[in-house]
Amino acid sequence: MGEHVRPLRECLDIIAAEIAVSAERPRREAERMLMEYLERDGLWLITHQDEPLSCDERLWEWVARRKAHEPLEYIFNRVSFYSQLFYIAPGALIPRPETELLIDRVLEAVDHDGNFTLCEVGVGSGAVSVTLALHLEKATMIGVDISEDALGVAGKNIADFGLEARIDLRQSDLLANVPETIDVLVSNPPYVAADAALERNLDYEPDLALFGGVTGMDIIVRLIDAVAERQIPLFCCEMGYDQREAVSAIVPEGYGVKFYKDLAGLDRGFVMTRKDDR
């Protein structure tokens, strides 16, 4: 679109109209773009609607990318999760608000001052492991992922939070490269069925982190098998809204399971506990 001087309100109108094809709330996303571009907050935006703006190609490139359904988080390389800002890039799944509930379930189930080993399978961006490390200062943390790209993003976030000595990152297919005894297993695994119809913005996110086989249960089944085989005392896991029955059917002998719902009232995860540890 080139560089032109326009009032801020006009820039907002133009951006909102351009991204309406891909954004559920185009006006709000247009505001976020200008806040990011101008390095200003929402109040400044509201009180400077007539401010003349010279918008260069960087802003219009962002608009074009969002119009093509690329998520804002990848455009800005930043995502908010559990009241912290994390680096994010293609190759790692964008952390969702629903996964904050997984953090809550873990923190409810463990001793915050305990000295135990916690492993996250599918560390992705590292947001979950970093958040848990900040709350569980005595825990030994291991984060694994099969994806080198994801491990690169996680490594940057772990370094940004100064947690390199606390979180041991490893490339691994589930627990193959984790010989240690695990006290707590945490995962937001790929659980989308192979034939699921997804929003176009998910085209930008890694298939490895999304799809869990024909029914979406492949990785969850393998993780539950590992929990039973290794007698892991506590397993906290996110799942699809329609997978409660399938998970219930494969709870290992000697374990109990409790399911939790997301803010929309849909089944979103479970906490599996070895009965003699309850």
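Buried, in this tour, means under 20% relative accessible area, while partly exposed covers the range between that and the exposed class, which begins over 50%. The model on screen is a predicted one, and every value quoted below should be read with that in mind.

**First stop: charged pairs**

Select E70 and R65, whose side chains form a salt bridge with the closest N and O atoms 2.8 Å apart. E70 has 9% relative accessibility and therefore counts as buried, whereas R65, at 25%, counts as partly exposed.

Move next to R268 and D262, which form a salt bridge in which the closest N and O atoms are 3.2 Å apart. R268 counts as buried at 11% relative accessibility, and D262 counts as buried too, at 9%. Now add E61 to the earlier selection, since salt bridges that share partners join E61, R65 and E70 into one network.

The next selection is R78 with E36, where the side chains meet in a salt bridge at 2.5 Å, N to O. This pair links distant parts of the chain, 42 residues apart: R78 lies in the loop between α5 (72-76) and β3 (79-81), and E36 lies in helix α2 (residues 26-38). R78 is partly exposed at 34% relative accessibility, and E36 is also partly exposed, at 21%. How many salt bridges does the count come to? The count comes to 17 salt bridges.

**Second stop: the open sheet**

Show the strands as a cartoon and follow the seven that form an open sheet, in the order β7-β6-β5-β8-β9-β11-β10, with mixed pairing. The edges are held by β7 (167-171) and β10 (255-261), each of which has a single partner strand, so one side of each is left without a neighbour in the sheet. Viewed along the sheet, neighbouring strands are turned by 15° against each other on average, with direction ignored.

Begin at the β7 edge, where strand β6 (residues 140-145) pairs with β7 in the parallel sense over five bridges. To locate this pairing in the viewer, pick G143, which stands opposite L169 in β7. Helix α8 (residues 148-160) packs on the sheet here, touching β6 and β7, and its direction makes about 165° with that of β7. Select helix α9 (residues 218-230) next, which also packs on the sheet and touches β5 (117-121), β8, β9, β10 and β11. The direction of α9 makes about 175° with that of β9.

**Third stop: strand β9**

Select residues 234-238, the whole of β9, where five of the five residues are buried, so the strand is largely enclosed by the rest of the structure. With side chains displayed, L234, C236 and E238 point one way from β9, F235 and C237 point the other way, and all are buried.

Which strands does β9 pair with, and in which sense? Strand β8 (residues 184-187) is joined to β9 by four bridges, and these two strands run parallel; strand β11 (residues 267-274) is joined to β9 by five bridges, and that pair runs antiparallel. For a reference point on the β8 side, take L185, whose bridge partner in β9 is F235. For one on the β11 side, take L234, which stands opposite T273.

**Fourth stop: the cysteines**

Display the cysteine sulfur atoms, remembering that the count of disulfides comes to zero. The sulfur of C119 lies 12 Å from the closest cysteine sulfur, which belongs to C237, and this is too far for a bond, given that a disulfide needs the two sulfur atoms within 2.5 Å. C119 itself counts as buried, at 0% relative accessibility. C236, which you met in β9, is in no disulfide either, and its nearest cysteine sulfur, that of C237, is 8.9 Å away. C236 likewise has 0% relative accessibility and counts as buried.

**Last stop: two packed helices**

Two packed helices are described by the angle between their axes and the distance between the axes. Select helix α6 (residues 98-109) together with helix α7 (residues 127-135), which pack at an angle of about 35° with their axes 11 Å apart. The crossing in which α6 passes α7 is right-handed. Which residues meet between these two helices? Show the side chains of T99, I103, V106 and L107 in α6, which meet V128, T131, L132 and H135 in α7.

Definitions and conventions. Residues numbered from 1 in each chain as written. Predicted model: local features only at pLDDT ≥ 70, side-chain atom pairs only at ≥ 80, totals over all residues. Heavy atoms only, no water. Buried < 20%, exposed > 50% of the residue type's maximum accessible area, 1.4 Å probe, protein only. Pairing = 2+ DSSP bridges. Salt bridge = Lys/Arg side-chain N within 4 Å of Asp/Glu carboxyl O. Axes fitted to C-alpha atoms, helices over the stretch in contact; angles between N-to-C directions. Contact = heavy atoms within 4.5 Å. Left-handed = near helix turned anticlockwise from the far one by under 90°.
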